[in-house]
Amino acid sequence: LPRVHVQADPAQKEAAREMHALGTARRWAEALEVFSRVEKPDDHLRYQALRACTRAFQEEAARRMFDAMPVKQSPAYGLMAAMYSRAGNIDGVERLLDEMQAR
C-alpha cells in the first residue's frame with residue numbers, strides 16, 4: 001500500500017484501517033459510509049475510499065471520489081488506471097492519461 005499521508009488523528013487512523021479492510025472485501029458502499037462519518041477526511045482517507053471503489057469496479061463512484069480529491073497523487077492515478085484497464089474501459093484510461101499529461 002503506497003503511503004499517501006501519515007495520519008496523526010487516531011480516529012482517522014482507525015477509519016482508514018476499517019476502510020482498507022472493507023475495500024479489500026470489495027464492500028465499497030460500506031467503506032464510503034465510514035468515509036462519510038469523518039468530519040474532515042484527510043488525503044489518506046480519500047485514498048482508501050477511492051481504493052474501495054476501484055477494487056469493486058465501481059467506475060462512477062470512483063470517478064466522483066477521484067474528482068473530489070483536492071490533491072491527486074500518483075497512487076490515486078494508479079488506482080484509476082488499474083480499474084479502467086481491468087474493466088476494459090480504454091476511453092477511461094485515455095482520458096486519465098490526458099489528465100495526467102495536463103497536470
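This passage describes helix packing and selected residues in a predicted model.

Helix H1 covers residues 10-24. Its length can be checked by simple arithmetic. At 1.5 Å a residue, the 15 residues of H1 should span 21 Å. The C-alpha atoms at the two ends of H1 are 21 Å apart, which agrees with that expectation. Six positions are listed as buried in H1: Gln 12, Ala 15, Ala 16, Met 19, Leu 22 and Gly 23. Viewed down the axis of H1, these buried residues fall within an arc of 130°, so they line one face of the helix. The buried residues of H1 pack against two helices, H2 (28-36) and H3.

Two packed helices are described by the angle between their axes and the distance between the axes. Helix H3 spans residues 43-55. For H1 and H3, the angle is about 10° and the axes lie 8 Å apart. Angles under 35 degrees count as roughly parallel. H1 and H3 are therefore roughly parallel to each other. On the H1 side, the contact involves Gln 12, Ala 15, Ala 16, Met 19, His 20, Gly 23 and Thr 24. On the H3 side, these residues meet His 44, Leu 45, Gln 48, Ala 49, Arg 51, Ala 52 and Arg 55. The contact of H1 with H3 is made up of 6 nonpolar, 6 polar and 2 charged residues.

H3 also packs with helix H5, which covers residues 74-86. The angle between H3 and H5 is about 10°, and their axes are 10 Å apart. H3 is therefore roughly parallel to H5. From H3, the contact draws on Tyr 47, Leu 50, Arg 51, Cys 53 and Thr 54. From H5, it draws on Pro 75, Ala 76, Leu 79, Met 80 and Met 83. The residues of the contact of H3 with H5 divide into 8 nonpolar, 1 polar and 1 charged. Arg 51 of H3 appears in the contact with H1 and again in the contact with H5.

Met 83 is worth following further. This residue lies in helix H5. Met 83 has a relative accessible area of 1% and is therefore buried, since buried means under 20%. Leaving aside residues up to four places away in sequence, Met 83 touches Cys 53, Thr 54, Phe 57, Gln 58, Glu 59 and Ala 62. Cys 53 and Thr 54 are among the H3 residues that contact H5. Ala 102 is 19 residues from Met 83 in sequence, and their C-alpha atoms are 21 Å apart.

Phe 57, one of the residues touched by Met 83, is found in the loop between H3 and helix H4 (59-68). Phi of Phe 57 is near 55°, a positive value in a residue other than glycine. Phe 57 has a relative accessible area of 37% and is partly exposed. Arg 26 also has a positive phi, about 60°, although it is not a glycine. Arg 26 sits in the loop between H1 and H2. Its relative accessibility is 44%, and Arg 26 counts as partly exposed.

Glu 30 lies in helix H2. With a relative accessible area of 37%, Glu 30 is partly exposed. Glu 30 and Glu 18 are 12 residues apart along the chain, and 9.6 Å separates their C-alpha atoms.

Terms used: Residues numbered from 1 in each chain as written. Predicted model: local features only at pLDDT ≥ 70, side-chain atom pairs only at ≥ 80, totals over all residues. Heavy atoms only, no water. Axes fitted to C-alpha atoms, helices over the stretch in contact; angles between N-to-C directions. Helix = DSSP H or I, 4+ residues; strand = E, 2+ residues; numbered from the N terminus. Parallel < 35°, antiparallel > 145°, perpendicular 65-115°, else oblique. Contact = heavy atoms within 4.5 Å. Nonpolar A, V, L, I, M, F, W, Y, C, P; charged D, E, K, R; others polar. Expected span 1.5 Å × (residues − 1). Buried < 20%, exposed > 50% of the residue type's maximum accessible area, 1.4 Å probe, protein only. Arc of directions from axis to C-beta.
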